[in-house]
Amino acid sequence: MKPIKVGLLGLGTVGTGVVRIVEGNQEDLSSQVGSPIVIEKIAVKNTEKARNINVDSDKLTEDPWEVIRHPDIDVIVEVMGGVDQTKEYILEALERGKHIVTANKDLMALYGSEILAKAAEKRCDVYYEASVAGGIPIIRTLIEGFSSDRITKIMGIVNGTTNYILTKMSQEGVSYEEVLKEAQDLGYAEADPTSDVEGLDAARKMAILATLGFHTNVELRDVSVCGISSVTKEDISYARRLGYEMKLLGIAERQDDQIAISVQPTMVKKQHPIASVNGVFNAVYVHGEAVGETMFYGAGAGEMPTATSVVADLVSIIRNMRLGVSGLKAIAPYKEKRLISDEEIKYKYFILLHVDDKAGVLAQITQIFAEYNVSLASVVQQPNELNPDAEIIIVTHDASKANMEKVQKHFESLDVIRKVKSVYRVEG
């Protein structure tokens with residue numbers, strides 16, 4: 001059979017892994033798709049740069065348009081990153097009838113609907129498994145594995161950097177600042193870690209997962225985001241005493257036909273399987289009305305795990321080409337988006353208060369909760385030799401976000417409350 005020719009945009013960590021897999025597993029891949037797979041052209045920033053993989057210099061170019069416009073290339077694999085310019089490359093490639101594999105979560109979170117619309121128009125495939133959770137095949141699972149079910153909740157640890165930081169803080173009792181510096185030294189965190197630690201990276205991934213899981217067009221602005229930079233080792237210590245682990249969770253949930261999507265530090269019961277996911281690993285928990293609870297675990301990043309997802313998408317695209325069904329399998333969002341209001345979205349809360357150590361304070365606090373219809377599951381006063389104020393830990397039953405905001409605002413006007421130290425969502 002005629003070889004399938006591939007154009008590669010980017011030869012960094014993931015691009016290098018793609019070349020290794022395609023060239024190293026050529027016999028297995030060819031047997032699966034019925035023809036050889038050839039990487040015809042590769043766009044790089046600098047053709048003279050030393051690399052840890054041998055690539056024919058004739059295949060390298062510093063001009064991505066040379067790859068996009070190459071007449072013999074059937075599939076474009078985009079692993080170069082970037083958003084606006086990369087979108088132009090992808091749209092032009094689709095216009096020319098080329099299929100797309102991308103690992104670009106930012107691109108798909110911001111412009112996915114536009115790209116998929118163009119793909120449908122041109123009857124091309126766009127696959128993007130590697131854009132979320134690296135080597136975990138969660139996107140394919142949501143599209144195919146859950147096609148007969150109705151998903152009610154997707155809850156994920158989808159950022160390895162923050163999971164590494166919170167795991168080290170929990171297991172070693174060190175501060176956020178100390179672990180962040182270590183993560184940067186080890187290469188787990190960028191020099192500017194804002195996208196990871198403030199939850200923006202996870203938010204983009206959750207927008208993609210929620211769009212697929214709920215069949216509606218979820219945009220980045222629909223995701224409520226809070227990062228981990230304000231989490232202290234004391235918060236984690238208290239969580240563990242109460243039987244919880246602290247995780248940065250992306251949570252997409254459906255109530256009737258309304259949805260809510262958030263990314264926030266969350267206290268998870270230790271018995272929940274996602275609480276035991278540590279280090280740089282990712283996990284995605286999915287609840288379906290029919291199947292119940294499922295969880296998918298694995299490496300969320302790295303050269304070979306991510307490249308494995310990229311090449312798996314490439315195999316799927318080539319199979320579609322052979323079967324003559326290219327561009328026919330994608331299902332566009334078909335449901336009207338209805339977001340759950342702050343008055344309707346409910347979950348449990350953990351609150352840590354620093355208060356005056358005197359009689360009657362607890363009664364005033366519980367009265368405020370009662371005033372805003374927030375019932376309490378537990379109230380604990382913890383001694384702390386380092387804090388002259390009393391520390392009160394409260395875990396609520398399910399309470400609306402709107403009512404909890406009213407409670408916190410009321411606390412700010414109460415003289416006996418020195419500080420609302422921490423407020424976190426509780427799961428499990």
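Buried here means under 20% relative accessible area, and the model behind these views is a predicted one.

**View 1. Phe369 and Phe411 meet edge-to-face.** With 0% relative accessibility, Phe369 falls under that cut-off, so this residue counts as buried. Phe411 is buried too, at 2%. Their ring centres are 5.5 Å apart and the planes sit at 80°, so we call the pair edge-to-face. The two come from distant parts of the chain: Phe369 belongs to helix 13 (residues 361-371) and Phe411 to helix 14 (residues 401-412), 42 residues apart.

**View 2. Trp65 pairs with Tyr89.** Seven aromatic pairs turn up in the count. In this one, the centres are 4.8 Å apart with planes at 80°, so it's an edge-to-face pair. Trp65 sits in helix 3 (residues 64-68) and Tyr89 in helix 4 (residues 84-95), with their positions 24 residues apart in the chain. Trp65 is partly exposed at 23% relative accessibility, while Tyr89 is buried at 9%.

**View 3. Asp313 reaches Arg140 from a buried spot.** Look for Asp313 in helix 12 (residues 303-323). Its relative accessible area is just 2%. The side chains of Asp313 and Arg140 are joined by a polar contact of 2.7 Å. Leaving aside residues up to four places away in sequence, Asp313 also touches Val101, Tyr127, Tyr128, Glu129 and Ala130.

**View 4. Two charged side chains sit over tyrosine rings.** The charged end of Arg425 is over the ring of Tyr347, 3.9 Å from the centre. Lys269 lies over the face of Tyr244, and here the distance to the ring centre is 4.8 Å.

Conventions. Residues numbered from 1 in each chain as written. Predicted model: local features only at pLDDT ≥ 70, side-chain atom pairs only at ≥ 80, totals over all residues. Heavy atoms only, no water. Helix = DSSP H or I, 4+ residues; strand = E, 2+ residues; numbered from the N terminus. Buried < 20%, exposed > 50% of the residue type's maximum accessible area, 1.4 Å probe, protein only. Polar contact = N/O pair within 3.5 Å; in protein donor to acceptor, adjacent residues only side chain to side chain. Contact = heavy atoms within 4.5 Å. Phe/Tyr/Trp six-rings, centres within 6.5 Å; stacked < 30°, edge-to-face > 60°. Lys NZ or Arg CZ within 6 Å of the ring centre and 35° of its normal.
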